[in-house]
Amino acid sequence: MSTERGPISQFIERNYLHFNAAALMDAAKGYETHLTEGGKMMVTLGGAMSTAELGISLAEMIRQGKIDIISCTGANLEEDIMNLVAHSHYKRVPNYRDLSPQDEWDLLENHYNRVTDTCIPEEEAFRRLQKHIYKIWNDADTAGERYFPHEYMYKILLSGELEQYYEIDPKNSWMLAAAERNLPIVVPGWEDSTMGNIFASYVIKGEIKATTMKSGIEYMAWLAGWYPENSTGKGIGFFQIGGGIAGDFPICVVPMLYQDMEMPEIPFWSYFCQISDSTTSYGSYSGAVPNEKITWGKLDINTPKFIVESDATIVAPLIFAWILKQ
């Protein structure tokens with residue numbers, strides 16, 4: 001056992017020997033080998049990872065160059081910033097399984113939106129961010145400029161405007177770490193988020209043009225340019241946290257380039273890991289075993305493939321701890 005590693009890494013190497021624990025360990029070592037051999041890594045964020053405060057470990061992964069690109073839902077994009085500026089106003093509900101419809105209604109009436117055991121405060125989180133991001137959207141609209149959803153978020157973070165509200169150590173915000181590195185992000189289906197809904201409301205009211213926000217198709221077109229430029233040598237790995245569009249969308253860039261753009265030399269994803277609790281037998285793509293992706297032209301027959309069927313809020317920080325030698 002390597003003594004250059006910290007106590008977390010030593011613990012999981014000593015104890016995580018079987019079943020999903022062993023799969024976690026194998027996936028972590030595979031990720032590390034991929035980077036050591038010169039590969040790059042995409043991390044995709046589904047679920048409510050930002051509200052689960054994954055930023056505590058994810059931000060350091062970004063700062064240390066262990067992640068080269070992120071794909072995430074619109075919710076994960078905004079909820080990391082909301083946690084940054086409104087953390088003390090969040091409400092934890094450990095007995096969430098026991099809530100009655102009336103209890104849930106009371107939370108709504110008090111402007112709390114619940115994500116499992118955590119309630120996001122509407123005024124301090126959503127509306128606070130809305131007030132500042134609207135000006136950036138509107139300025140771009142007035143100037144006839146167009147940006148991607150994450151680029152607007154980068155602008156607001158790098159402007160320093162939100163610093164007055166910071167309620168956590170900024171080093172624990174993965175979006176702030178990403179903005180400071182100008183890390184590439186794709187946000188498929190951004191419209192399905194609170195800020196996406198708010199943007200749509202301004203479009204409906206005629207205050208902002210829909211075209212001021214670049215679209216998901218444009219994200220795919222951008223990714224189709226980024227992938228070939230970065231897939232030389234060891235290639236690009238794919239580390240998927242949860243399921244859904246954050247993973248489904250970007251993984252398709254390879255078969256799209258190969259089949260639809262007729263680029264037969266395009267490399268497959270060169271590492272694949274998914275942390276999932278989805279069930280394959282229900283027809284769920286999120287629960288599909290990695291080998292199914294071979295049939296879709298996403299993974300090669302020899303691509304190292306891992307699946308950890310467990311809770312991503314437990315597994316991802318442990319894998320990141322291994323990569324960071326903590």
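## A tour from a strand pair to a cavity

Begin by selecting Arg 92, which stands opposite Thr 118 in β5. The model on screen is predicted, so that local features need pLDDT of at least 70 and side-chain atom pairs count only at pLDDT 80 or more, while totals for chains, interfaces and linings use all residues. Residues are numbered from 1 along each chain as its sequence is written, and side-chain values use heavy atoms, with hydrogens and water left out.

Next, extend the selection to β5 (residues 118–121), which is joined to β3 by 2 bridges and runs antiparallel to β3; strands here are DSSP runs of E of at least two residues, helices are runs of H or I of at least four, and both are numbered from the N terminus. Adding β4 gives an open sheet of 3 strands in the order β3-β5-β4, with antiparallel pairing, where two strands pair if DSSP finds at least two bridges between them. Because β3 (91–92) and β4 (112–115) each have a single partner strand, they stand at the edges, and one side of each is left without a neighbour in the sheet.

Now show helix α5 (residues 101–109), which lies across β3, β4 and β5 and runs at about 130° to β4. Angles run from 0 to 180 degrees between N-to-C directions, and axes are lines fitted to C-alpha atoms, for helices over the stretch in contact. Helix α6 (residues 122–143) lies across β4 and β5, at about 55° to β5.

Move then to helix α4 (residues 74–86) and helix α8 (residues 174–181), whose axes come within 8 Å and cross at roughly 105°. The two helices, α4 and α8, are therefore roughly perpendicular to each other, a label given to angles of 65 to 115 degrees. Select Asn 76, Leu 77, Asp 80 and Ile 81 in α4 to see them meet Trp 174, Met 175 and Leu 176 in α8, contact meaning heavy atoms within 4.5 Å.

For the largest pocket, select Ala 48, Met 49, Ala 52, Thr 116 and Thr 313, which lie nearest its centre among the 28 lining residues. On a 1 Å grid over the protein atoms alone, a pocket is an open set of points with protein on both sides within 12 Å along at least five of seven lines, a cavity is a set where a 1.4 Å probe fits but cannot get out, and lining residues have an atom within 4 Å of a point. β3, β8 (271–276) and α14 (312–323) each supply at least two residues of the lining of the largest pocket.

Finish at the largest cavity, whose lining includes Pro 149, Trp 190, Glu 191, Lys 214 and Tyr 219.

Technical notes: Parallel < 35°, antiparallel > 145°, perpendicular 65-115°, else oblique.
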